[in-house]
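Could you walk me through this model in the viewer, one selection at a time? I would like to know what to pick next and what is there.

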Amino acid sequence: MASLEGSVFSSVVQAPEDPILGVTVAYNKDPSPVKVNLGVGAYRTEEGKPLVLNVVRRAEQLLVNDLSRVKEYLPITGLADFNKLSAKLIFGSDSPAIQENRVATVQCLSGTGSLRVGGEFLARHYHERTIYIPQPTWGNHTKVFTLAGLSVKTYRYYDPATRGLDFEGLLADLSVAPPGAIVLLHACAHNPTGVDPTLDQYEQIRLLMRSKGLLPFFDSAYQGFASGNLDADAQSVRLFVADGGECLTAQSYAKNMGLYGERVGALSIVCKSADVTVRVESQLKLVIRPMYSNPPIHGASIVATILKDREMYEEWTIELKAMADRIINMRQLLFEALRTRGTPGDWGHIIKQIGMFTFTGLNREQVAFMTKEYHIYMTSDGRISMAGLRSQTVPHLADAIHAAVTQIQ
Ligand code: PLA
């Protein structure tokens, strides 16, 4: 008989907190009234509150009041309407790939789940298991793709000296990648750097990738958040789809519809022909079924309700633009606050960078100092979520940055 004393799990070691979500855990434990959480990329209002979009509330009301709606299982691939509308949103409503039935779209558990399902599909069915991810990138990419069965390598992306794109390095690294390798690209608003290639640079990347048969895998977690315009933020993806070649896209509605906890997203695989697409979709079902069987119904129903109604869609774009504009405004305020303080260094990147984050250039020690002395919570790579900032907290953050750069080298 097994002993009642001592756990069979006693050899399990304590795991470290997640580098991003763990910042919120530490923040929650801090009793300071001046604490600020700029870790996870979660939008807050000017009052510091999480935001449920008005159009989302309206869609939820419609859904709740519709007594014909039931809670049956969705198909393995998710809500059909949601999938069609999601493909249109990212590829464009006039996309030939959609018209020619060359897109297999499956509803997944937000952006992360879409990346994971895409990764597992590639590990099973694609001839080249190496995926190149930008250096740096969202911290979870390495883990998601490694556990999916891919071998992860990096390509140069960010140049700390210019605080801009290392375009030469990027092209050089991709040009020596093995033929057929998968390349992860952020569709827009690169996390954590806020640095995106221009459309011209994307065109050069496309030419190089297509000439070597490299397979693009887009992570689109911020469509609409970069520029405030959904079409503008999808241009990189559309450039690659327009040439008739193949690619994968993982979409998330966490940020642009504020549906973080609903876990709603989609994986689309654009194929060369309609018959390949049908077979690809059949295999995606075999990836999904043993993992979580089928996806949840509520979040996808909200998205579908909004996307298929012209008036609700319009309302969404206005609310989305307001979120993007507030973030851009915070960039301006922080930049000016540092200039007023005469903080050493060139802080122009704060207003140049795109999307939810500023990659400050602050080092690990400076970040630790700001957390200890000023109760500012951010990731140790110096990333700040601008979406968590508000006019009222800008001076406190600027004081903290000023003290960090003048006191800690
Ligand atoms: N891809 C990128 C580039 C992301 O930044 C994030 C989220 C995701 C995918 C996954 O989003 P989802 O699964 O919630 O749809 N990044 C956040 C949150 C906002 C996180 O780390 O989970 C971040 O703070 O970086």
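## Starting inside the sheet

Select Phe217 to begin: its bridge partner in E9 is Leu248. The two strands involved are E8, residues 215-220, and E9, residues 247-252, and they pair in the parallel sense over four bridges. Before going further, keep in mind that this is a predicted model.

Now colour the whole sheet. It is open, has seven strands, and runs in the order E2-E10-E9-E8-E7-E3-E4 with mixed pairing. Its edge strands are E2 (103-109) and E4, each of which pairs on one side only. Looking from one strand to the next, you should find a twist that averages 25°.

## Along strand E3

Next, select residues 130-135, which form strand E3. Is this strand mostly covered, or mostly open? It is mostly covered, since five of its six residues are buried, that is, under 20% relative accessible area. As you step along the strand, it helps to recall that in a regular strand the side chains alternate between the two faces of the sheet.

Add residues 151-156 to the selection. This is E4, which pairs with E3 in the parallel sense over six bridges. For one of the contacts, pick Thr130, whose bridge partner in E4 is Ser151. To follow the chain between these two strands, trace it from E3 through helix H6 (residues 140-148) to E4; this β-α-β crossover is right-handed.

Then turn to strand E7, residues 182-186. E7 and E3 also pair in the parallel sense, here over two bridges. Select Ile131 and you will see Ile182 of E7 standing opposite.

## Two cis peptide bonds

Stay with E3 for a moment and zoom in on Gln135 and Pro136. They are joined by a cis peptide bond, with omega at about 0°. Pro136 sits in the loop between E3 and H6, so you can pick it up on the way along the crossover you have just traced.

Where is the proline of the Asn191–Pro192 pair? Pro192 is in the loop between E7 and helix H8 (199-212). The bond joining Asn191 and Pro192 is cis as well, with omega at about 15°.

## Two arginines with positive phi

Select Arg163 next, in the loop between strand E5 (158-159) and strand E6 (164-165). Although not a glycine, Arg163 has a positive phi of about 55°. Its relative accessible area is 28%, so Arg163 is partly exposed.

Now jump to Arg263, in the loop between E9 and strand E10 (264-270). Here too the residue is not a glycine, yet phi is positive at about 55°. Arg263 counts as partly exposed because its relative accessibility is 34%.

## Salt bridges

Switch on side chains, because there is plenty to look for: a search of the whole structure finds 15 salt bridges.

Begin with Arg326 and Glu46, whose side chains meet at 3.2 Å, N to O. This pair links distant parts of the chain, 280 residues apart: Arg326 is in helix H12 (residues 310-341), and Glu46 is in the loop between strand E1 (36-37) and helix H2 (54-65). Arg326 counts as buried because its relative accessibility is 10%, whereas Glu46, at 28%, is partly exposed.

Staying on H12, select Glu315 and Arg58. The closest N and O atoms of this salt bridge are 2.1 Å apart. Again distant parts of the chain are linked, with Glu315 in helix H12 and Arg58 in helix H2, 257 residues apart. Glu315 is buried at 16% relative accessibility, while Arg58 is partly exposed at 30%.

For another example, pick Arg238 and Asp231, where the closest N and O atoms are 3.0 Å apart. Asp231 is partly exposed, with a relative accessible area of 45%. Then select Glu203, Arg206, Arg210 and Asp243 together: these residues are linked in a network of salt bridges.

## Last stop: a nonpolar patch

Finally, show the surface and select Val8, Phe9 and Val12. Together they make a nonpolar surface patch of about 380 Å². Phe9 lies in the segment before helix H1 (21-29). Is Phe9 buried or exposed? Its relative accessibility is 60%, so Phe9 counts as exposed.

Conventions: Residues are numbered from 1 along each chain as its sequence is written. This is a predicted model: local features need pLDDT of at least 70, side-chain atom pairs count only at pLDDT 80 or more; totals for chains, interfaces and linings use all residues. Side-chain values use heavy atoms; hydrogens and water are left out. Patches are made of residues with over 30% relative accessible area and no salt bridge: like charges are joined within 9 Å, nonpolar side chains (Val, Leu, Ile, Met, Phe, Trp, Tyr) within 5 Å. Accessible areas come from the Shrake-Rupley method with a 1.4 Å probe; for residues, only the protein chains shown count as cover. A salt bridge is a side-chain nitrogen of Lys or Arg within 4 Å of a carboxyl oxygen of Asp or Glu. Buried means under 20% relative accessible area, exposed over 50%, partly exposed in between (1.4 Å probe, protein chains only). Two strands pair if DSSP finds at least two bridges between them. A crossover is right-handed if, with the strands pointing away from the viewer, the path from the first strand over the helix to the second runs clockwise. Axes are lines fitted to C-alpha atoms, for helices over the stretch in contact, and angles run from 0 to 180 degrees between N-to-C directions.
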